[in-house]
Amino acid sequence: MTAGGHPASTTEDVKTLFAQMPTAVAVITVGKAEKRYGATVGSLNALSLDPPLLMFAMKRGSGLLERLAADTTIGINLLADSQQALARRFATPGIDRFEDTRWCEEHALPRIDGTLAWLTARVRDLLPLGDHVLLTAAIVHGETEQRLPLIYWKRAFHKLGAVESSAAP
């Protein structure tokens, strides 16, 4: 439905609907040394606790997607709220995305400095769906930092304001 309550009928209507869904922003990385690749995704989600799985989608034709297959080990860099420029860089085709990016090699994968979380995972499934491929991955390793997430909503990057915790001390 669009704002006026009518069914979404055009690609632009669907984009407008999807823009209402806030998402975390991550950079998926593979390779090492000079043969490293990465791309921004805005569809990273938890999938399962037992076994620990996550999922994300990549557009068909993505250069990074061409390098992913079942059993490929990937790095997942969940971006912090100060990393908007980095998210844009890794979404830009035809450039060296690692140029001017602070990163190191960890677990034989590119790890971006200053992220909210760093995970390594092994691709399990690649499911072609529409104009994207849905990937599931089994988490192998994970670390988190005390930072706030970068959020993508209404076709722009956002930072969370102060968040009141409902967790008991």
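Trainee: How many bridges join strand 6 to strand 9?
Mentor: Welcome! This is a predicted model, where local features need pLDDT of at least 70, side-chain atom pairs count only at pLDDT 80 or more, and totals for chains, interfaces and linings use all residues. Residues are numbered from 1 along each chain as its sequence is written, and side-chain values use heavy atoms, without hydrogens and water. Strand 6 covers residues 73-78 and strand 9 covers residues 117-129 (strands are DSSP runs of E, at least two residues, numbered from the N terminus). The two run antiparallel, and the number of bridges joining them is 6.

Trainee: Which residue in strand 9 is the bridge partner of T73?
Mentor: Let's look across from strand 6 to strand 9, its antiparallel neighbour. There, T73 finds its partner in R122.

Trainee: What is the order of strands in the open sheet of 7 strands?
Mentor: Pairing here is antiparallel (two strands pair if DSSP finds at least two bridges between them). Strand 3 (35-41) and strand 4 (45-48) are the edges, each pairing on one side only. Reading across, the order is 3-2-6-9-10-5-4.

Trainee: Why is one side of strand 1 left without a neighbour in the sheet?
Mentor: Strand 1 belongs to an open antiparallel sheet of 3 strands, ordered 1-11-12. Strand 1 (23-24) and strand 12 (156-159) stand at its edges, so one side of each lacks a neighbour, because each has a single partner strand.

Trainee: Which residue of strand 11 is the bridge partner of A24?
Mentor: Strand 1 pairs with strand 11 (residues 150-153) over 2 bridges, in the antiparallel sense. In strand 11, the partner of A24 is I151.

Terms used
Helices (H or I, at least four residues) and strands (E, at least two) are DSSP runs, numbered from the N terminus.
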